[in-house]
Amino acid sequence: MARTTYQDLLDAGVHFGHLTRKWDPKMAKYIFMERNGIHIIDLNKTLTKLEEAASAIKQIVKSGRKVLFVATKKQAKEIIAQQAKEVNMPFVTERWLGGMLTNFATVRKSIKKMSNIDKMQKDGTYDVLSKKEKLMIQRERIKLESLLGGIADLNRLPAALFIIDVKKEHIAVSEAIKLNIPTFAMVDTNSDPTNIDFPIPANDDATKSISLIAGIISKAIQEGLDERKRDKEDEAEKEAAAAKAQVDNGGEAQEANAGAKRPRKAKDGE
């Protein structure tokens, strides 16, 4: 079953690119035509690339790894945060900190600092501080939550990035390339798709377009999570069945041994 249709993409305005004077020539193969000074994206190619991206990201998640959602532009932030939360994936929607991937150990220290502040509030340490100290800690906590709240549970580097607007998030793309982390992204007509492993040619400015594409990727991730859960359940059942069979075989063997050792009754006349 197709994840979406040509008509759905059309209705969401996925085909609207940027002004022709703002285009990136490397997007030429994904452009269908030019209309009123605006490039129109070939939705047939969008459908193909979207299916490729969804299938690949599903397999990554099925293997038990995380996908980091990245979108800091105003019209995408809330959509991406919601989609990421629904599938329990990390996200960055405020500002991409330089070194968030390449200097991940330092970022983890900042996340730990945030959890230490929470710990202080729970164990009573926070209550004995002066009013000024409390205010400073509160401000720091709010700042850390804003920047790192979406990746608080990310204990190791993500297995992939899903990005909205690769031109705006060029630092994230650059860090992913350095670390050989696969990138999945909505790529508009003003962007370079050659650095992206799974480019999805689409309008990355309209909320309807972002919501549709992000929703499809999110659904593919959920499918991967569900399949992983089923595989684990099947494996657990097989292990339980094997253990039961071993116990049953062990009991039969004990009975057989007991029968062999039992003394033979003497017949009459012996």
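These questions and answers walk through the aromatic pairs, the nonpolar cores and one helix of a predicted model.

Visitor: How many aromatic pairs does a search of the whole structure find, and which one is edge-to-face?
Guide: Happy to start there: the search turns up 2 aromatic pairs. In one of them the ring centres sit 5.4 Å apart with the planes at 80°. Planes over 60 degrees apart count as edge-to-face, so the edge-to-face pair is Phe69 and Phe162.

Visitor: How many residues apart in sequence are the parts that Phe69 and Phe162 tie together?
Guide: Phe69 belongs to strand β4, while Phe162 belongs to strand β6. Both residues are buried. Because the two lie in those strands, their pair links parts separated in sequence by 93 residues.

Visitor: And the rings of Phe184 and Phe198, are they stacked or edge-to-face?
Guide: Their centres are 4.5 Å apart, and the planes meet at 5°. The cut-off for stacking is under 30 degrees, so this pair is stacked.

Visitor: Is Phe198 buried or partly exposed?
Guide: Its partner Phe184, in strand β7, has 0% relative accessibility and counts as buried. Phe198, in strand β8, has a relative accessible area of 25%. Buried requires under 20%, so Phe198 is partly exposed.

Visitor: Which element gives the most to the largest nonpolar core?
Guide: That core has 37 residues, and Val67, Phe69, Phe162 and Ile221 touch the most other members. Elements that each supply at least two residues include β4, β6, β7 and α7 (207–261). The top contributor, with 8 residues, is α2.

Visitor: Which residue of α7 (207–261) does Val67 touch?
Guide: Leaving aside residues up to four places away in sequence, Val67 touches several residues, among them Ile57, Met89, Pro90 and Phe162. The list also holds a residue numbered within 207–261, the span of α7. That residue is Ile221.

Visitor: How many residues does the second, separate core have?
Guide: Ile31, Leu101, Ile117 and Leu147 are among its members. Its count is 32 residues.

Visitor: Where on helix α6 do its buried residues lie?
Guide: The buried residues of α6 (residues 170–178) are Ala172, Val173, Glu175 and Ala176. Seen down the helix axis, they fall within an arc of 165°. They therefore line one face of the helix.

Visitor: Which strands do those buried residues pack against, and which residue just after α6 takes a positive phi?
Guide: The buried residues of α6 pack against β4 (67–70), β6 (160–164) and β7 (183–187). Just after the helix, a positive phi of about 55° belongs to Asn180.

Terms used:
Residues numbered from 1 in each chain as written. Predicted model: local features only at pLDDT ≥ 70, side-chain atom pairs only at ≥ 80, totals over all residues. Heavy atoms only, no water. Buried < 20%, exposed > 50% of the residue type's maximum accessible area, 1.4 Å probe, protein only. Helix = DSSP H or I, 4+ residues; strand = E, 2+ residues; numbered from the N terminus. Arc of directions from axis to C-beta. Contact = heavy atoms within 4.5 Å. Phe/Tyr/Trp six-rings, centres within 6.5 Å; stacked < 30°, edge-to-face > 60°. Core = buried A, V, L, I, M, F, W, Y, C linked by side-chain atoms within 4.5 Å.
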